[in-house]
Amino acid sequence: MNYNIAVIPGDGIGPDIVEQGKLVLDKVGEKFGHSFEYTEVLAGGIAIDTVGEPLPQETIDVCKKSDSVLLGAVGGPKWDNLADRPEKALLGLRSELELFANIRPATMFDQLRDACPLKDEIIGDGGLDLVVVRELTGGIYFGERGRQGEKAFDTMEYSIDEIKRIAKVGFDIAMKRNKKVTSIDKANILENSRLWRSVVEEMAKDYPEVEVNHLYVDNGAMQLVINPKQFDVILTGNMFGDILSDEASMITGSIGMLPSASLGSSKLGMYEPIHGSAPDIAGMDKANPIATILSVAMMLRYSFDLEDEAKAIEKAVEEVLEDGYRTGDIMSKGMKLIGTKEMGSLIASKL
Ligand code: NAD
Ligand code: IPM
Ligand code: MN
């Protein structure tokens, strides 16, 4: 099969890691007899510098016509004081492509136990495996915002339909996993969280096999480090999901390990690591490309239904970790420190 992929390297380490994602995809193509065609498009700071806006219409058009989108990261200090910042491109893509469900699996590879800052007794046997299901096109990210004299405001809104469709994704994923949903909100304070909770409760009736509980986000953040094994599916809104997924990434060893899939109601998805453009290590061959490579595996699984190919990538990552190779962010005593390019090549070579 031939698949058309829109590729958005973006800024900072974006180009470094996307290159490795493509390398691995090409190897999958060779091994399994698929061809992946890439159309590179601009978004973020590089788009501001090249064409004067963070999200050119052409980028949206190419993405809409593609079978899926691979994105590195956008943003950086160079553009931080602009009104139209690079990050706007990401929000624009998510809403234009109607990608309302962001799946962020936090799975710890056994080999990375030493990179996880939590104590052994917290991790226990069997490692860690949870998934954050984050609503991606609503909430405070997309509410009305503005400045009025000495005040600034951002509004947080959710409609019943928006909550229903993300809750359904969360419950459906839970059914294929350990049948437990923890919905995280701030219903003790926020009206939209109270609506969120009631919609989730209502939906729970359709999934009698799924155990459902609710946590306030402050408690949820604390529970993630004291007892992460209680979680199977974390179902939450846009901003809470953003924050909690960075936290969840660290229990897998590094933010450089956590992939994501942004999905809507069609097969077109956008795949990207959850981390940012890491300007502090951009272009230095230091970035961990594994989050991007695992995002490519998610693309094969969710957009192309290529489960064997997705598993092959995940196994290749595991084998390279088993051989003791580490980028700086997951380095521990006795392991072999390597760079972005070598990590990508080693993973590709295992396929
Ligand atoms: P960041 O995720 O870019 O970096 C946080 C820390 O993690 C840094 O120390 C960085 O070096 C490290 N890190 C991140 N990814 C890594 C990797 N693959 N390998 C090794 N180390 C890694 O977060 P930030 O510093 O808050 O943001 C930097 C810029 O990225 C900002 O402009 C922000 O808006 C943007 N951002 C973009 C995205 C995205 O495009 N999806 C996500 C988050 C942040
Ligand atoms: C992420 C990022 C983005 C978000 C920013 C860059 C808009 O942090 O993908 O997690 O907050 O969603
Ligand atoms: Mn984030």
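## A mixed sheet, packed helices and two ligands

V181 in β8 faces V212 in the neighbouring strand β9, and that pairing is a good way into this predicted model. The two strands, β8 (residues 180–185) and β9 (residues 211–216), belong to an open sheet of ten strands with mixed pairing. Below you will find the sheet, a loop that follows β8, the helix packing and the surroundings of the two ligands.

**The sheet as a whole**

- Reading across the sheet, the strand order is β2-β1-β3-β12-β11-β4-β5-β10-β8-β9.
- The edges are taken by β2 (35–40) and β9, and each of them has a single partner strand, so one side of each has no neighbour in the sheet.
- As a general reminder, the strands of a sheet pair through backbone hydrogen bonds, in either a parallel or an antiparallel way.

**Strand β8 and the loop after it**

- Six bridges link β8 to β9, and the two strands run parallel.
- Is β8 enclosed or open? Five of its six residues are buried, so the rest of the structure largely encloses this strand.
- I189 lies in the loop between β8 and α7 (191–204).
- I189 counts as exposed because it has 10 C-beta neighbours inside 10 Å, and the cut-off for that class is 12 or fewer.
- Between the C-alpha atoms of I189 and Y216 there is a separation of 9.6 Å, although the two residues are 27 apart along the chain.

**Strand β5 and its two partners**

- β5 (residues 129–135) is mostly covered, with six of its seven residues buried.
- How do β4 and β5 run relative to one another, parallel or antiparallel? Strand β4 (residues 101–107) is antiparallel to β5, and seven bridges join the two.
- Within that pair, N102 sits opposite R134 of β5.
- With strand β10 (residues 233–236), β5 pairs in the parallel sense, and here there are four bridges.
- Two contacts help to place that pairing: V131 has V233 of β10 as its bridge partner, while V133 stands opposite L235 of β10.

**Helix packing around α1**

- Helix α1 (residues 14–32) and helix α10 (residues 290–302) have axes that come within 8 Å and cross at roughly 45°.
- That angle makes α1 oblique to α10, and their crossing is right-handed.
- Helix α11 (residues 307–322) also packs with α1, at an angle of about 125° and with the axes 11 Å apart.
- α1 and α11 are therefore oblique to each other, and this crossing is right-handed.

**Ligand 1**

- How many residues surround ligand 1? There are 21, and the closest are G75, G256, H275, G276 and N288.
- By type, the shell around ligand 1 holds ten nonpolar, seven polar and four charged residues.

**Ligand 2**

- Around ligand 2 you will find G75, E87, L90, L91, D242 and I274.
- G75 therefore deserves a look from both sides, because it is listed around ligand 2 and among the closest residues to ligand 1.
- Which helix gives the most to the shell around ligand 2? Helix α4 (residues 87–96) does, with three residues.
- That shell divides into three nonpolar, one polar and two charged residues.

Definitions and conventions
Residues numbered from 1 in each chain as written. Chains lettered and ligands numbered in written order. Predicted model: local features only at pLDDT ≥ 70, side-chain atom pairs only at ≥ 80, totals over all residues. Near = placed C-beta within 6 Å. Nonpolar A, V, L, I, M, F, W, Y, C, P; charged D, E, K, R; others polar. Buried ≥ 20, exposed ≤ 12 C-beta atoms within 10 Å, placed from the backbone. Pairing = 2+ DSSP bridges. Axes fitted to C-alpha atoms, helices over the stretch in contact; angles between N-to-C directions. Parallel < 35°, antiparallel > 145°, perpendicular 65-115°, else oblique. Left-handed = near helix turned anticlockwise from the far one by under 90°.
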